[in-house]
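Trainee: I am new to this structure and would like to learn how each label attached to it is earned. Could we look at it together and reason from the values?

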Amino acid sequence: MEKEKQLSLLTHDQLPPKKFNPRMDEQEQRLLHLIPKGTEHPVKASRLCEVLRIPPRSLYDLINHLITVHGIGIGATRGKNAGYFIIQNRTELTKASAPLKAQAVRMFERIHALDIIVKDKE
């Protein structure tokens, strides 16, 4: 972990074990059935919103809920062939997590810059 940026006050090994809730409501089940397994044919957010008749923000919240509460390995790709998919292996996990890690680092950099700006005004 030489010059690696730490994204949390705790290391991965220090986090408490996660217990997932297997019970899903009807909307969560509908969404899960719409997301394909693997990265070959990811489904676009706009298509999911259209079928479920929900706004994008609700979709993102629902996907986050499926991941963090129900333990469903949903990944997403950006750019060419963008969309959501059910993660099937370590390679797909790496593909899905790389942009999230980069985004998290940018968010922490932004928070740090805001802290400096406020301190300079005090």
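Trainee: What covers the buried residues of helix 2?

Mentor: Bear in mind that this is a predicted model. The cover over the buried residues of helix 2 includes helix 1 (26–34), helix 3 (56–68) and strand 2 (83–86). Helix 2 itself spans residues 45–52, and its buried residues are Ala45, Leu48, Cys49 and Leu52.

Trainee: How do you know that the buried residues of helix 2 line one face?

Mentor: Looking down the axis of helix 2, one finds its buried residues within an arc of 100 degrees, and therefore they line one face of the helix. The face turned away from that buried side carries the exposed residues Ser46 and Glu50.

Trainee: Why is Leu48 called buried?

Mentor: Buried means under 20% relative accessible area. Leu48 has a relative accessible area of 1%, so Leu48 is buried. Leu48, which is found in helix 2, touches Leu31, Leu34, Ile35, Val43, Leu59 and Tyr84, if residues up to four places away in sequence are not counted. One of these partners, Leu31, is 17 residues apart from Leu48 along the chain, and their C-alpha atoms are separated by 7.4 Å.

Trainee: Why is Glu50 called exposed, and what is Arg47 called?

Mentor: Exposed requires a relative accessible area over 50%, buried one under 20%, and partly exposed lies in between. Glu50 has 54%, so Glu50 is exposed. Arg47 has 43%, so Arg47 is partly exposed.

Trainee: What makes the pair of Glu50 and Arg47 a salt bridge?

Mentor: The rule asks for a side-chain nitrogen of Lys or Arg within 4 Å of a carboxyl oxygen of Asp or Glu. In this pair the closest N and O atoms are 3.0 Å apart, and Glu50 forms a salt bridge with Arg47. Both residues lie in helix 2, three residues apart, about one turn of the helix.

Trainee: How many salt bridges does this rule give?

Mentor: The count comes to two. Besides the pair in helix 2, the side chains of Arg57 and Asp61 meet in a salt bridge, with 3.0 Å from N to O. Arg57 and Asp61 both lie in helix 3, four residues apart, about one turn of the helix. Arg57 has a relative accessible area of 54% and so is exposed, whereas Asp61, at 42%, counts as partly exposed.

Trainee: What makes strand 1 and strand 2 a pair?

Mentor: Two strands pair if at least two bridges are found between them. Strand 1 (residues 74–77) and strand 2 have four bridges, and they pair in the antiparallel sense. Within this pairing, Gly75 stands opposite Phe85 in strand 2. The hairpin of the two strands has five residues between them, and in this hairpin Gly79 takes a positive phi near 80 degrees.

Trainee: Which residues of strand 2 point one way, and which the other way?

Mentor: Gly83 and Phe85 point one way, Tyr84 and Ile86 point the other way, and all of them are buried. In a regular strand the side chains alternate between the two faces of the sheet.

Trainee: Why does His70 count as buried?

Mentor: The cut-off for buried is under 20%, and His70 has 9% relative accessibility, so His70 counts as buried. His70 has its place in the loop between helix 3 and strand 1. Leaving out residues up to four places away in sequence, His70 touches Phe20, Asn21, Pro22, Arg23, Met24, Glu28 and His65.

Trainee: In what order do the elements of the protein run?

Mentor: From the N terminus on, the order is α-α-α-β-β-α, with four helices and two strands in the protein. Of its 122 residues, 24% count as buried.

Trainee: What is the mean pLDDT of the protein, and where is the pLDDT below 50?

Mentor: The mean pLDDT is 86, and 85% of the residues reach 70 or more. Over residues 1–8, however, the pLDDT is below 50, and this stretch has eight contacts in the model beyond near neighbours in sequence.

Note on methods
Residues are numbered from 1 along each chain as its sequence is written. Side-chain values use heavy atoms; hydrogens and water are left out. Buried means under 20% relative accessible area, exposed over 50%, partly exposed in between (1.4 Å probe, protein chains only). The arc is that of the directions from the helix axis to the C-beta atoms. Contact means heavy atoms within 4.5 Å. pLDDT is the predictor's confidence in each residue, from 0 to 100.
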